[in-house]
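Work through the exercises below with the structure open. Try each task before you read its solution.

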Amino acid sequence: MHRINFLNAPMDIATMEETVSFIEDRIEKKQFLQHVVVNVAKIVNMKKDPVLAESVKACDVINIDGMGVVFGARFLGYDVPERVAGVDLFHELLFMSAKRGFPVFLLGATEEVVSKTVSKVKAINPNLNIAGYNDGYFWDDEEAVVNKIRESGAKLLFVAITSPKKENFINKWQDKLGVDFVMGVGGTFDVVAGKVRRAPKWMQRAGLEWLYRVLQEPGRMWKRYLITNSQFAYLLLKDKFTK
């Protein structure tokens with residue numbers, strides 16, 4: 001695992017196996033680790049949101065999630081072996097936690113979605129110790145939820161809240177959460193609970209998950225992806241041909 005600076009955004013070049021091993025080792029040693037994944041939208045938004053940029057840069061592990069970033073980094077000459085998708089890493093870390101006896105806490109989404117996610121991951125990993133869970137609508141009393149997480153005894157915390165709220169929440173409260181590992185997982189709970197479908201594998205490999213999202217929710221998604229993808233392409237070409 002090594003860190004690069006891609007379009008002025010730090011990120012770690014690592015495989016899924018290397019990432020899980022690194023995280024497991026840090027948890028075993030009780031060394032706090034803050035994790036984040038980056039995709040095209042996050043890189044674009046970091047350019048205009050200094051608070052988000054600072055929150056991402058403060059993380060100990062910054063994995064490349066979107067294939068758009070993988071292709072873009074390769075276009076600029078970086079050797080990126082694979083993506084480490086947040087939803088896949090979530091499942092790998094739950095499997096590891098069940099095996100190692102590490103208790104976990106799930107935070108985010110609606111009450112219905114997070115409770116269904118708990119049921120689904122327990123069915124997949126019967127030995128998983130879920131120390132607690134809470135929906136993502138707690139902004140009138142963040143400290144109460146922080147206390148709930150700390151008192152649960154969880155070692156791993158997964159935060160399924162939209163960007164940049166999750167990154168800023170984690171960065172703000174990391175010293176009071178009482179966990180050894182915290183990761184923002186975005187819309188992962190929606191996927192696990194069955195509310196949102198993932199793109200087919202071939203679309204994931206081709207970097208077309210964004211198109212699949214647009215086809216599912218055209219009214220809400222087309223403008224977002226048109227703008228961010230266009231801005232990302234501009235940043236790539238500018239970096240490539242102005243050096």
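Three exercises follow, each with a worked solution.

This is a predicted model, where local features need pLDDT of at least 70, side-chain atom pairs count only at pLDDT 80 or more, and totals for chains, interfaces and linings use all residues. Residues are numbered from 1 along each chain as its sequence is written, and side-chain values use heavy atoms, with hydrogens and water left out.

**Exercise 1. Place Leu237 and classify its exposure.**

Step 1. Find helix α12, residues 218-241; Leu237 lies there. Helices are DSSP runs of H or I, at least four residues, and strands are runs of E, at least two, numbered from the N terminus.

Step 2. Apply the cut-offs: buried is under 20% relative accessible area, exposed is over 50%, and partly exposed is in between (1.4 Å probe, protein chains only). Leu237 has 44% relative accessibility, so it counts as partly exposed.

**Exercise 2. Locate Glu112 and decide: buried or exposed?**

Step 1. Helix α6 (residues 111-124) contains Glu112.

Step 2. Its relative accessible area is 57%, so Glu112 is exposed.

Step 3. Check the C-alpha distance to Asp135: 8.4 Å in space, at 23 residues apart in sequence.

**Exercise 3. Sort the residues that line the largest cavity.**

Step 1. List the lining: Gln34, His35, Val36, Cys59, Lys166, Glu167, Ile170 and Gly184. Strand β3 (33-38) and helix α8 (165-173) each give two or more of these residues.

Step 2. Sort by class: 3 are nonpolar, 3 polar and 2 charged. Ala, Val, Leu, Ile, Met, Phe, Trp, Tyr, Cys and Pro count as nonpolar, Asp, Glu, Lys and Arg as charged, and the others, Gly among them, as polar.

Conventions:
1 Å grid on protein atoms, 1.4 Å probe; cavity = no way out; pocket = protein on both sides within 12 Å on 5 of 7 lines; lining within 4 Å.
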